[in-house]
Amino acid sequence: MSSTEMPSTRRKRAKPSRLKKFLKALGPGLITGASDDDPSGIITYAQAGAMFGLSTLWTALLTFPLMAAIQGMAARIGMVTCQGLTGTLKSHYPKSVLYGMILFSFPAVVMNIGADIQSMGAVANLLVPAVPTFAFCIVFTAILLFVIIQYSYQRMAGLLKWLCIGLLLYLVIPFLVHPNWGEVVRHTFIPTIRMDKKFLGILVAILGTTISPYLFFWQATMEAEDIEHSNRKRIFVDKRMLDDMRADVNTGMFFSNFVMYFIILTAGVVLYGAGVRQIDTVQQAAHSLKPLAGQLSYCLFAIGVIGTGFLAIPVLAGCLSYMLAETFNFSKGLDKKFYEAKRFYGVIIVSLVAGLFLQFLGISPVQALLYTAILYGLTAPVMIVLLLHIGNNKKIMGKHTNSALSNVLGGLTLLLMTAAAVALIWFQFFS
């Protein structure tokens, strides 16, 4: 009897170990995917649901494989080269390309940070009206700076992983308001496309918000950081490392699009169903939910916004600091003490403080997001071209060049993002 029970016992013991191994492999990809659902992204997804109900649910199925392919390229480049995209561009491409990326990225990232800080402060004010919005913004900025400067990369990654759980709050809300699940399924798998300015505009906004260039830089840099801080410190990338990376990236991108799907679903059922057609701020989205979906849904939405801000802002600021550090060769790394990398942390401080002060300059979150979308829209196609070129360059990637599937999905992403950039400029300036 013991001989028949022993294999069963071994199988039971093996399952937790495989799960534990999978969870341990999650890192840069999960954090990157979760940070994509920041307060500024929530505005876009809530607006899509409020304006068009469930009609844009299908976009989550479209953006998932595209995000996974592009972020997978960036991750593989970071692993193989052991440096961020900025370092690779600096080593193999004209300086004008690198400086052009920085010129567009710096103001876009700062405005994105500013919009996220303002959104966090606004929803916190809804929960605690006695404290003004700007006070919350200052407190949140101070907390973020303390955490980023005080904690090492390993601790930082651990904290960010736990913050990902906060995004699960958005999965609860639709079940509290009882949508028509038949309609949900239909709009998920049967695309709706309307040839009018507003609908095409929201599709462009979803693409631009979901596939953002700063995520490419962050993904590559964090993969390089993971190798640098690994106990193995291996130079050559093996199949197991690549498999772990793919699992991490695919999980992160799935998680990102899953949350995006439920935010659109929530707004589509609650706000659209109640006749709310315009959402310009996260504060407005949360406030609109309160009388329509109840106190619990309202609180879950608001708390989720604050959690996503704490998750996304370190990624935004860290990405910018790594880009400048690799470009101008100064000491870098979230594992370093402040005195060891003063300029690196100085960039983070400047970017957060500049983002904080946008509200005092009269720049609203909506304006900041509009300018950010334009800058991201202009740089995304260029960055995707560079990712495809680097990913297929054997001198850089060796035997780890792109697969045929990666190139097909990358090419499709390039076409869609180029079309989105042209449409964005057209809608903004010529229509």
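Which residues in α6 meet which residues in α7? I'll start there. I117, Q118, M120, G121, A122, A124 and N125 are the ones in α6, and across from them in α7 sit T133, F136, C137, F140 and T141. Contact here means heavy atoms within 4.5 Å. By class, that contact has seven nonpolar, five polar and no charged residues. For the classes, Ala, Val, Leu, Ile, Met, Phe, Trp, Tyr, Cys and Pro count as nonpolar, Asp, Glu, Lys and Arg as charged, and the others, Gly among them, as polar.

Okay, ground rules. This is a predicted model, numbered from 1 along each chain as its sequence is written, and local features need pLDDT of at least 70, side-chain atom pairs count only at pLDDT 80 or more, while totals for chains, interfaces and linings use all residues. Side-chain values use heavy atoms, with hydrogens and water left out.

So, confidence. pLDDT is the predictor's confidence in each residue, from 0 to 100. The protein averages 83, and 87% of the residues score at least 70. Among the elements, helix α10, residues 181-189, has the highest mean at 94, and helix α1, residues 2-25, has the lowest at 52. Over residues 5-15 the pLDDT stays under 50, and the model has zero contacts beyond four places in sequence for that stretch. Where pLDDT is low, the predicted coordinates should not be read in detail.

Now the overall picture. We have 19 helices and zero strands; those are DSSP runs, H or I with at least four residues for helices and E with at least two for strands, numbered from the N terminus. Of the 431 residues, 55% count as buried. Buried is under 20% relative accessible area, exposed is over 50%, and partly exposed is in between, with a 1.4 Å probe and protein chains only. And of the contacts with a separation of 6 or more, 83% are between residues 24 or more positions apart.

Back to the helix pairs. Axes are lines fitted to C-alpha atoms, for helices over the stretch in contact, and angles run from 0 to 180 degrees between N-to-C directions. Under 35 degrees is roughly parallel, over 145 roughly antiparallel, 65 to 115 roughly perpendicular, and the rest oblique.

α6 and helix α7 (residues 133-150) pack at about 125 degrees with their axes 8 Å apart, so the two are oblique to each other. Their crossing is right-handed. On handedness: a crossing is left-handed if the near helix is turned anticlockwise from the far one by less than a right angle, and right-handed if clockwise.

α6 also meets helix α3, residues 39-52: the axes come within 8 Å and cross at roughly 75 degrees. That makes α3 and α6 roughly perpendicular. P39, S40 and I43 in α3 meet N112, D116, S119 and M120 in α6, a contact of three nonpolar, three polar and one charged residue.

Let's zoom in on S119, which lies in α6, residues 95-127. Buried or exposed? S119 is buried, at a relative accessible area of 3%. Setting aside neighbours within four places in sequence, S119 is in contact with P39, I43, V282, V305 and P365.

I43 comes up again with D280, which touches I43, Q47 and V366, not counting residues up to four places away in sequence. D280 is in the loop between α13 (239-271) and α14 (282-293), partly exposed at 32%. The C-alpha atoms of D280 and T44 are 8.6 Å apart, with their places 236 residues apart along the chain.

One more pair: helix α2, residues 28-35, against helix α12, residues 213-228, at about 160 degrees with axes 9 Å apart. They're therefore roughly antiparallel, and α2 passes α12 in a right-handed crossing. From α2 the contact uses P28, G29, I31, T32 and S35, and from α12 it uses Y214, L215, W218, Q219, M222, E223 and D226. That contact has six nonpolar, four polar and two charged residues.

Last, two backbone oddments for anyone checking torsions. C82 has a phi near 60 degrees, positive in a residue other than glycine. C82 sits in the loop between α4 (59-81) and α5 (85-92), partly exposed at 35%. N329 also has a positive phi, near 55 degrees, and its place is the loop between α15 (295-328) and α16 (342-357). N329 is exposed, at 61%.
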